[in-house]
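Me: Hi! I am new to protein structures and would like to go through one with you, step by step. Could you show it to me?

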Amino acid sequence: MADSGAQENALKWLDRETAALPADGNFHALALEALIRGTDCTWAVAADTSDGFSILASCCKDGERPYEPNATDGKPPFQSDPANQYWFATDISADQGVEFKSCRGHVLHDEAGEAIGYLLALDRQAKSDDTATAMFFRLIAARISARLSLEHAARKQVRADLNTPQSRALFDSSPIAVSITSAADGAILFVNRWWSETYGRPAEELIGTRMSDYYPAPEIRDDLLQRLQSEGFVRNEETQVKRADDGALIWILLSLYPIEFDGQKAVLAWAHDINERKVAETELRVNEQRLQNFADASADWFWETDAENRFTYISDGFERATGFTPESQYGRDRLRLLRPAASTPNDFEVLRKLEAREAVRDHTYRYSIQGRDPMWIRSSALPIHDGHGNFAGYRGSTANITAEIEARQHLQSIADRYLSAIDSMSDGVALWDADDRLVVCNQRFRELSGDTGNIIRSGVIFEETVRATAAAGSFAASGDTLEAEIQERLAAHGNLPSEMEVRRLHRILNIREQSTADGGIISIVIDMTAQRQFEEQLHQAQKMEAVGQLTGGLAHDFNNLLAVISGNLELLDSRAKGDVNLTRFIERGLAAAERGAQLTNRLLTFSRRQPVVAQTTTLDRLIVGMQDLVQRTLGGTIQIKTRTGTSPWPCRVDVSQLENSILNLAINARDAMPDGGSLTIETENLDLTDASAAQRQNLAPGCYVTLSVSDTGTGMTPDVLERAFDPFFTTKETEKGSGLGLSMVYGFVQQSGGQIRINSAVDEGTKIVIYLPRSADDAADGLQSATSPELKLGNGEIILVVEDDAEVMEIAITMLTELNYQVLHVDQSQDAIALIRKTPDLKLLLSDVVLPGDLNGKVLAETARQIRPDLRVLFMSGYARDAFAPDGRLDPADELLQKPFRKSDLARAVARALST
């Protein structure tokens, strides 16, 4: 049975499309598509019989190949009753050489009723017939016949009228380009005005030229003539021709008909200039392709629904976002997807707008997909309408914003954690908006600001908080001074970035302020009270260090004077036996000299920063014991390696200070490796008893235990390396470093009698090496010679005295002579070396530590040993024993005699030196 609704819709569709069809459009193709829409046939064909049986146009159902006729003998092989205007045939046998099983047709005729063609509907399956279908065929055939009649009439008129000048003038005024060419050689016999304008040359210049000259290639015209010969005509052929004036290619819609003209066979050509349309079509295709590329490349996806909200198009972005193909969603009702997900007032408002066919902007909702995690999407949609203004559906775009929503939720979580974190900070933090109103602050900011009530709260203006806390008594000043401090604080707040230190009641605060990207201000308040107290103590310690340096310098000269005084008094005492009064005076003088020596020693002791509680230890045990502490301090991003030497030597150090030094060096290394790295702590025994080896290390000869801490961090520039041990020098931000770590390590090493070295380069890491003297065994350290009240006299041994102070030298010579020693004396190191070379029997070198010239006592002793390895050395110094450390520890074979000294001290020291 016929579907009358489908036939009615097909006719309406054909009328709409025909109304929009350009003059040069292919109406026959539209009519055949309408036939397929109304009858659901497999193929639709329009044939022209005026010049033999030829196909005007054909159309096929979606998915079918185009129709290919197998007979052109003037009659269709399937026609069962040519006398009827409408006919049908079913169960057509296969032996007729066709693929269809049924055929329905209608005659096409002109206005006079003369048959000029056929309208056919062919089906692969047999179909029944009814009156409604016959009427539908009649209506379609009438529309095609009307068009064919016009074409036939025009051809007849051309054949009839072009033989007169009047008719030629009439065609010359036609808005359609017309030409007549010789069928034999293609010479142009006639062109009208529009043809001349289309080809860009006057008609008289075109007449006589060959039509083949105006095709891009000769084979194009040859093909057209073959089709004209085989089919009887060529209708509505889109082709390109060359303009005669500039050779530019233009598009025309060409129809060719065979005619007779001036007694010869000719070809009539009708041509419409469709160049603008083809250019527009090309631009349209480019724009369509551009839009399609945008849609395919976009992370979003685009979609379209029909009037019933069913999806008719979805771009490929949908599959990239969801994993499902767009085709899987075609035909689904979009509103049915939205209604179950609606949960908020905004969702229901969007549903209302869609049902009212209104536009929707940026609708965000959670979209559940079977088998996938729910995703957040954002959609916008605009209603679309057909050419008559009827609602045709929606076009829209959708974006997957799951990452954006999750990031926003994550940021909110971070913000919540941030607010919790700043409340636990030891520094005060406050954030002010662009209008200088408080956004948020922590409790510590309120405490440091002196807010004991509810002065500092969200929304309060900055100046109000300053004046309110001042009125509450948090400022130490009052009166005009208070107002001046308030103005200074307000000025710093308005001139960013700023940093200032202020005194508040019982507090010293460091206030730093910086602008934020949104025009606000962040304030950080640090309580500097304890640090300033520490710095004051450190300043005092530095002053004491300066006193110590001054005392050390004075001690040498002062002790020389005391040595002269006490030495002369003692020599005088040996010559004043029996004179009671004189002896009393001498003893008083000696006692005064002794008190002076004790006072000097106390001053030296007082100038030290702190006492050293030394004990014997091996560094490998200490490092292993500290490894867990260092690892916890540095965190998991830094790998710690430890290496200890075999059979490590002991050394005497203050263990707690050494542990603090290692920790300080490790923390410095961590700060130099913000992205993680490797920290290596290692120990090694180092034998530098060879003077040349020690000199290469810039150390005093001896045995050392080395402790090195190396990192793979950023390293130091040369100018930073030069100042690394300076107190308060740091490359860290102000609130992240005091600049005391390395200077404290340096002081500890110096007090322990050791040395410290730094090797560093930018991007190559840093290595710090501590050299600590090897410790002798406890028995050797505690061995003290028994003190004898009797002076031990010499056996005439030769002693060389080197002293630049003449009076001290005279005392030493006199005492040594009385102690039965032979004495040589000089006041210059170079002279001493000369004497050593030419005095083979020399037993002892008694030298002051500080001597004029380039060779001090220590260097003199080293040089003397190179000449006489068996030579004994006894040093004299006005410093305490620790004062000798900057030049290196004493060689185990050396002794030190501290000035001022008594004759008995000299006797014991010389005897001990000669006996070792």
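Reply: Happy to! One term will help before we start: a residue is called buried under 20% relative accessible area, exposed over 50%, and partly exposed in between. Please keep in mind that this is a predicted model.

Me: Is Arg-193 buried, partly exposed or exposed?

Reply: Let's use those cut-offs: buried ends at 20% and exposed begins over 50%. Arg-193 has a relative accessible area of 36%. That value lies in between, so Arg-193 is partly exposed.

Me: Which residue does the side chain of Arg-193 meet in a salt bridge?

Reply: As a general idea, side chains of opposite charge can pair when their charged atoms come close. Here the partner sits in helix α5 (residues 193-199), four residues away from Arg-193, so about one helical turn separates the two. This partner is also partly exposed, at 42% relative accessible area. The N to O distance is 3.1 Å, and the partner is Glu-197.

Me: How many salt bridges does a search of the whole structure find?

Reply: One of them joins Arg-352 and Glu-358, with the closest N and O atoms 3.5 Å apart. Others form a network that links Arg-444, Glu-447, Arg-507 and Asp-527. Searching the whole structure gives a total of 34.

Me: How many residues apart are Glu-483 and Arg-467?

Reply: The side chains of Glu-483 and Arg-467 meet in a salt bridge, at 3.2 Å from N to O. This pair links distant parts of the chain, with Glu-483 in helix α15 (residues 479-494) and Arg-467 in helix α14 (residues 462-471). Their separation along the chain is 16 residues.

Me: Which strands stand at the edges of the five-stranded sheet?

Reply: The sheet is open, its pairing is antiparallel, and its order is β12-β11-β15-β14-β13. A strand at the edge has a single partner strand, so one side of it is left without a neighbour in the sheet. Reading the two ends of the order gives β12 (311-314) and β13 (360-367).

Me: Which residue in β12 stands opposite Glu-304?

Reply: Strand β11 (residues 301-305) and β12 run antiparallel, and three bridges join them. Opposite Glu-304, in β12, stands Tyr-313.

Me: Which helix packs on this sheet?

Reply: Neighbouring strands of the sheet are turned by 25° against each other on average, direction ignored. The helix that packs here touches β13 and β15 (391-400), and its direction makes about 125° with that of β13. It covers residues 345-355 and is helix α11.

Note on methods
Residues are numbered from 1 along each chain as its sequence is written. This is a predicted model: local features need pLDDT of at least 70, side-chain atom pairs count only at pLDDT 80 or more; totals for chains, interfaces and linings use all residues. Side-chain values use heavy atoms; hydrogens and water are left out. A salt bridge is a side-chain nitrogen of Lys or Arg within 4 Å of a carboxyl oxygen of Asp or Glu. Buried means under 20% relative accessible area, exposed over 50%, partly exposed in between (1.4 Å probe, protein chains only). Two strands pair if DSSP finds at least two bridges between them. Axes are lines fitted to C-alpha atoms, for helices over the stretch in contact, and angles run from 0 to 180 degrees between N-to-C directions. Contact means heavy atoms within 4.5 Å.
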